[in-house]
Amino acid sequence: MAFLAELWTFLRVRKKFWLLPVIVVMAAFGGLIVLSQGSAVAPFIYTVF
């Protein structure tokens with residue numbers, strides 16, 4: 001959690017709010033990759049792409 005707090009502080013102080021959507025999309029794709037590795041949800045995720 002300290003990493004997220006430090007990241008938020010960086011974004012707020014440096015006024016780099018445009019990075020937030022990029023980080024969210026990358027986290028979403030990372031979550032999809034983790035879910036698709038050997039789970040029952042994998043066939044449904046592959047149909048999205």
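How far should the 13 residues of helix 1 span at 1.5 Å a residue, and how far apart are its end C-alpha atoms? I begin there, and I should say at once that what we are looking at is a predicted model. Helix 1 covers residues 2-14, and at 1.5 Å a residue it should span 18 Å; its end C-alpha atoms are 18 Å apart, which agrees with that expectation.

Let me step back to the whole chain. There are 3 helices and 0 strands, so that, read from the N terminus, the order of elements is α-α-α. The chain has 49 residues, of which 8% count as buried, and it exposes about 4300 Å², with carbon and sulfur atoms supplying 77% of that area.

Before the details, a word on confidence. The mean pLDDT of the chain is 83, and 84% of its residues reach 70 or more. Among the elements, helix 1 has the highest mean pLDDT, at 90, whereas helix 3, residues 42-48, has the lowest, at 70. As a general caution, where pLDDT is low, the predicted coordinates should not be read in detail.

Now to the loop between helix 1 and helix 2, where we find Lys15. This residue comes just after helix 1, and its phi is near 60 degrees, a positive value in a residue other than glycine. Lys15 counts as exposed, because its relative accessibility is 60% and the cut-off for exposed is over 50%.

Phe17 is found in that loop between helix 1 and helix 2 as well, helix 2 being residues 19-36. Phe17 brings us to the aromatic residues, and the structure holds 1 aromatic pair. The rings of Trp8 and Phe17 have their centres 6.0 Å apart, and their planes stand at 55 degrees, so the pair is tilted. The reasoning rests on the cut-offs, since planes under 30 degrees apart would count as stacked and those over 60 as edge-to-face. Neither ring belongs to a buried residue: Trp8 is partly exposed, with a relative accessible area of 42%, and Phe17 is partly exposed too, at 40%.

What surface feature do Trp8 and Phe17 form with Leu20 and Val24? Together these four residues make a nonpolar patch on the surface, and their accessible area adds up to about 370 Å².

Leu20 also appears in one last distance that I would like to show, this time with Leu7 as its partner. Leu7 is found in helix 1, and at 23% relative accessibility it counts as partly exposed, because buried would require a value under 20%. Leu7 and Leu20 are 13 residues apart along the chain, and their C-alpha atoms are separated by 9.9 Å.

To close, I would return to the pair of Trp8 and Phe17, which is tilted, with ring centres 6.0 Å apart, and to the nonpolar surface patch that these two residues share with Leu20 and Val24.

How values were computed. Residues are numbered from 1 along each chain as its sequence is written. This is a predicted model: local features need pLDDT of at least 70, side-chain atom pairs count only at pLDDT 80 or more; totals for chains, interfaces and linings use all residues. Side-chain values use heavy atoms; hydrogens and water are left out. Rings of Phe, Tyr and Trp (its six-membered ring) pair if their centres lie within 6.5 Å; planes under 30 degrees apart count as stacked, over 60 as edge-to-face and the rest as tilted. Buried means under 20% relative accessible area, exposed over 50%, partly exposed in between (1.4 Å probe, protein chains only). Helices (H or I, at least four residues) and strands (E, at least two) are DSSP runs, numbered from the N terminus. Accessible areas come from the Shrake-Rupley method with a 1.4 Å probe; for residues, only the protein chains shown count as cover. The expected span of a helix is 1.5 Å times one less than its number of residues. Patches are made of residues with over 30% relative accessible area and no salt bridge: like charges are joined within 9 Å, nonpolar side chains (Val, Leu, Ile, Met, Phe, Trp, Tyr) within 5 Å. A salt bridge is a side-chain nitrogen of Lys or Arg within 4 Å of a carboxyl oxygen of Asp or Glu. pLDDT is the predictor's confidence in each residue, from 0 to 100.
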